[in-house]
Structure formats: structure tokens, C-alpha cells
Amino acid sequence: VMTTNSLMKSTLTISDMLQQAKRQGHRALALTDHDSLRGIIEFYEEAIKLDIKPIIGLTLNVEGVMQTNRYFPLVLIAKNIQGYEKLIQLSTAYYLNDEQPVKLSDIILFSEDLIVISPDTDGEIMALIDTDDFISAEKLVQYLKDHLKNYYLGLSLQNKDDKKLSFYRQVKVPLVALGNVQYLSPDDRLPTQVVRVLQSEMALG
């Protein structure tokens, strides 16, 4: 889940998100704001009060492995307190480095205490699949499997692309379901879209 702490990506507040999760009977919730850990303490404390297990995460832009002139998001989840400390280090390094994409080697260095997920919607693997470069996509998956301790492919609930699903069946990597939650109700769709338009400068509609 992304909240207003993900600049120009979501209109969802932590409090509203947790209250809705409680109403829907969720027992655990992951916060994976883009580049930012600013809302983690508020999220943790409010989740505990509501008897919801808080899962601490972070989405970071990472330099491409096969497409080295681009960057792609990776979702990082802390396995333990050491993993949370690693997330702080990575987020701090991102801001100290003028918000430049982090190097995959830095994530590999910390991967013992992190779960690393390649999101399919905007990830490098999906970018390669979109151009029918299945050989490079398979090489990338193998590289990530070999170098990351706890690596998963994200399977978006909103993306049912046949090429992606066929590729995922071929590679021996655990899958995890991902939902790109940026608002709670249909009424919030337009404000969220406006925020995204302001970020990307694309046409609204």
C-alpha cells in the first residue's frame, strides 16, 4: 500500500487505510511507500492499536540490470528489526545521493534481512517481456534468484497479461500477489489520478 508519504503517487492517509483494513477484517497490512519511511512509526503504532500486524516495507527505484540506462522499482520488505535498519540505510542513502536510483549491489548486500519483490507492472522483467525479450527476462530472473536471499516475483491483481503469465509459469520463482492500492473508494479515483497527472505531466482522461 502507498500513502500520501509517497510524493505525488497517492491520496491515501495511513489512518484511513488502517481503519478500512480493520473494517474489512484484515489481520496484516504492508506499507511500501515510494522512497520514504516517513510514515512508518505512525503506521506501526496505529496498526498495533487496531490489532493489525504491521509489515514494514519500502519501494525504491533501482538501476536496471539488463536495461542499464533506465531504473525500475523493487519492493523491499523487512523480515526483522535488522531488515528495518537496512531499509533506513537504503532510504537515507537515496536522499543523500540526490534521489538517484540505488544500486542493486547495495540491496544484495543487505538481502539477508529483506524480502525483495519485483513488481510486474513497472518492473524491469515486465519491461523486457513487453518487448518480447524473453531471453533477457529469464537471465534477469536467474541473476536475481542467485544474488538475493529472499526473492519473489510480484503478481499484480490488476495485470493479467497473457505473455507475463506464461513467462511466470516457466521460471521457478515463488510468486506473491500484489495490489497497487492508492485509494479506498471509487470517489477517490479522480483526486489520485490528478496527483499522478501532475507528476507525469500526461493528459487527464
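Helix axes here are lines fitted to C-alpha atoms over the stretch in contact, and the angle between two of them runs from 0 to 180 degrees between N-to-C directions. The tour uses that convention on a predicted model.

**Whole chain.** Start with everything shown. The protein chain holds eight helices and six strands. Read from the N terminus, the order of elements is α-β-α-β-β-α-α-β-α-α-β-α-β-α. Of its 205 residues, 45% count as buried. Among contacts between residues at least 6 apart in sequence, 64% join residues at least 24 apart.

**Colour by pLDDT.** The chain averages 84, and 80% of the residues score at least 70. Now select residues 4-9, where pLDDT stays under 50. The model has 23 contacts beyond four places in sequence for that stretch. Then select residues 189-205: pLDDT stays under 50 there too, and the model gives 23 contacts beyond four places in sequence.

**H1 and H2.** Select residues 14-23, helix H1, and residues 40-49, helix H2. Their axes come within 10 Å and cross at roughly 30°. Angles under 35 degrees count as roughly parallel, so H1 is roughly parallel to H2. The crossing of H1 past H2 is right-handed. To see the contact, show side chains for Ile14, Ser15, Met17 and Leu18 on H1, and for Glu42, Phe43, Glu46 and Ala47 on H2. By class, this contact comprises five nonpolar, one polar and two charged residues.

**Gly39.** Step back along the chain to Gly39, in the loop between strand E1 (28-31) and H2. Is Gly39 buried or exposed? Its relative accessible area is 2%, so Gly39 is buried. Draw a distance from the C-alpha atom of Gly39 to that of Ile14: the separation is 7.5 Å, for residues 25 apart along the chain. Ile14 is also one of the H1 residues in the contact with H2.

**Val171.** Move on to the loop between helix H7 (162-170) and strand E6 (175-178), and select Val171. With 11% relative accessibility, Val171 counts as buried, because the cut-off for buried is under 20%. Which residues does Val171 contact, leaving aside its neighbours within four places in sequence? Show Val141 and Leu153, the two that are in contact with Val171. For a last distance, go from the C-alpha of Val171 to the C-alpha of Glu138: they are 7.4 Å apart in space and 33 residues apart in sequence.

Note on methods: Residues numbered from 1 in each chain as written. Heavy atoms only, no water. Helix = DSSP H or I, 4+ residues; strand = E, 2+ residues; numbered from the N terminus. Parallel < 35°, antiparallel > 145°, perpendicular 65-115°, else oblique. Left-handed = near helix turned anticlockwise from the far one by under 90°. Contact = heavy atoms within 4.5 Å. Nonpolar A, V, L, I, M, F, W, Y, C, P; charged D, E, K, R; others polar. Buried < 20%, exposed > 50% of the residue type's maximum accessible area, 1.4 Å probe, protein only. pLDDT = per-residue confidence, 0-100.
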